[in-house]
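Good morning, colleagues. May I ask you to look at the structure on the screen while I take you through its main parts?

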Amino acid sequence: MSTALTAVTQAAELKSIAILTPEPGTDYGWNQQGVDAAKAAGKAAGVEVLVAENLGYGDVRPTLREMAQDGAGLLIAHASGYNTAAPEIGAEMKVPVAIVDLPDARKPGAVADYTASGHEGAYLAGRLAAKMSKTGTVGIVVSGEPPSWNSQSSAFAEGAKAEKPGINVRYAVIGPAAYSDAAGGKRVTEALIAAGADIIFGQGNGSSFGMLQAVETNKATNGGKVYFIDVIGDKTAIDKGNLLSSVVWNLTPVYAAMIADVKADKYGSRNYDINLKDGSVTLLKTTHIPADVWAQIEALKKDIIDGKIKVTAHYDADTVHKMVSQLPTAQ
């Protein structure tokens, strides 16, 4: 009993947490949303937040160890490439860790996963794309096929086909882990545009800037404008007229729940997710979306929240491949 009391006391004394990201926290996407959310959750809980950004995808064990030595009582490893190192260092330093894309690795008191899936928002994005496409072809470009991308890709395709059964959904992968490959993003997006897509759903961290550039500098096959639907962040500040929407992830509730669980000595008892109902997933409204179309999207959103439309998350790439027309993977 004394051991349990000691553990609770230690948990209640959480003073700081750390987040480690592979790219800069200024990317209007995965890295920035993570850093901003950690800061917001930490501030609300009165907990200091240590940030280590732009670490790349190599060995982050030294940085994880350093953060733990600096007093972090929770290590948020904000990249699937950190899934091996983080639990190892967490166990070594006796600090709980958060990882992504590996939900089966959950371990009470030690490891929890936040394989966030914006599939409900991606379904709405698919409905939006099908409503607004003039060519009858929409495209999906991904920087790899991690579980979260797969669930959004399949939901987007499902939404597009629910809106317009005859629509053509083309799909292309930049590479197996091309998250920061902006040049590759541009090249592959241009190939999809040439194949008829006038709306691109892009998932890619740093590579998404290349996707956006391709959309801005190329016309659709019918001579019209090409639009881009982003994920995770909000690139409105750099929009040149082609950002149609984004499936925005708000990770603040996720990190707030982690902090609360650490303080209550319940960490590792569950994994974490995001959804439309609590606002941790939203579809970005831009001036490029007509009012009547947005009203229809809002009605569909309510139907999902109310359970009238069920959007199932499919985390495997095979499910995606069966729903789309694939372009060859560009290495």
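I shall begin with strand β1 and its partners, continue with the open sheet and the helices beside it, and end with the nonpolar cores. Please keep in mind that this is a predicted model.

Let us start at β1, residues 16–20. Five of the five residues in this strand are buried. Ser16, Ala18 and Leu20 point one way from β1, while Ile17 and Ile19 point the other way.

Which strands pair with β1? One is β2, which runs parallel to β1 and is joined to it over five bridges; within that pairing, Leu20 has Ala52 of β2 as its bridge partner. Another is β3, residues 75–77, also parallel to β1 and joined by three bridges. Here Ile19 is matched with Ile76 of β3.

Together with β1 and β2, helix α2 forms a right-handed β-α-β unit. How far apart are the end C-alpha atoms of α2? They are 22 Å apart, and this agrees with expectation, because 16 residues at 1.5 Å a residue should span 22 Å. Several residues of α2 are buried, among them Trp30, Val35, Ala38 and Gly42. The elements that cover these buried residues include β1 and β2, and also β9, β10 and helix α9. Just after α2 comes Gly46, with a positive phi of about 70°.

I turn now to the open sheet. Its seven strands follow the order β11-β10-β9-β8-β6-β7-β12, and the pairing is mixed. At the edges are β11, residues 281–283, and β12, residues 325–326, each of which pairs on one side only. Further in, β6 (residues 137–142) and β7 (residues 168–173) are parallel and share six bridges. In that pair, Val142 is bridged to Val173 of β7.

Helix α8, residues 208–217, lies across β6, β8 and β9, and runs at about 165° to β9.

Two residues in other helices deserve a closer look. The first topic is Thr189, in helix α7, residues 182–194. Is Thr189 buried or exposed? Thr189 counts as buried, because its relative accessibility is 0%, and the cut-off for that term is under 20%. Beyond its neighbours up to four places away in sequence, Thr189 touches Val141, Ile200, Met211, Ala214 and Val215.

The other is Gln152, in helix α6, residues 147–163. Gln152 too has a relative accessibility of 0% and therefore counts as buried. With residues up to four places away set aside, the contacts of Gln152 include Gly118, His119, Phe201, Val231 and Trp249.

Finally, the cores. In soluble globular proteins, nonpolar side chains tend to be buried together. Here the largest nonpolar core holds 68 residues, and the members that touch the most others are Tyr114, Tyr255 and Met258. Helix α5, residues 119–132, gives the most to this core, with eight residues. What does Met258 touch, apart from its neighbours within four places in sequence? Met258 is in contact with Leu74, Ile76, Ala98, Tyr114, Tyr267 and Tyr272. Ile76 has already appeared in this talk, as the bridge partner of Ile19.

There is also a second, separate core of 20 residues, which includes Leu20, Leu64, Tyr82 and Ala85. Leu20 brings us back to β1, where it is buried.

Thank you for your attention.

Definitions and conventions. Residues are numbered from 1 along each chain as its sequence is written. This is a predicted model: local features need pLDDT of at least 70, side-chain atom pairs count only at pLDDT 80 or more; totals for chains, interfaces and linings use all residues. Side-chain values use heavy atoms; hydrogens and water are left out. Helices (H or I, at least four residues) and strands (E, at least two) are DSSP runs, numbered from the N terminus. The expected span of a helix is 1.5 Å times one less than its number of residues. Buried means under 20% relative accessible area, exposed over 50%, partly exposed in between (1.4 Å probe, protein chains only). Contact means heavy atoms within 4.5 Å. Two strands pair if DSSP finds at least two bridges between them. Axes are lines fitted to C-alpha atoms, for helices over the stretch in contact, and angles run from 0 to 180 degrees between N-to-C directions. A nonpolar core is a set of buried Ala, Val, Leu, Ile, Met, Phe, Trp, Tyr and Cys residues joined through side-chain atoms within 4.5 Å. A crossover is right-handed if, with the strands pointing away from the viewer, the path from the first strand over the helix to the second runs clockwise.
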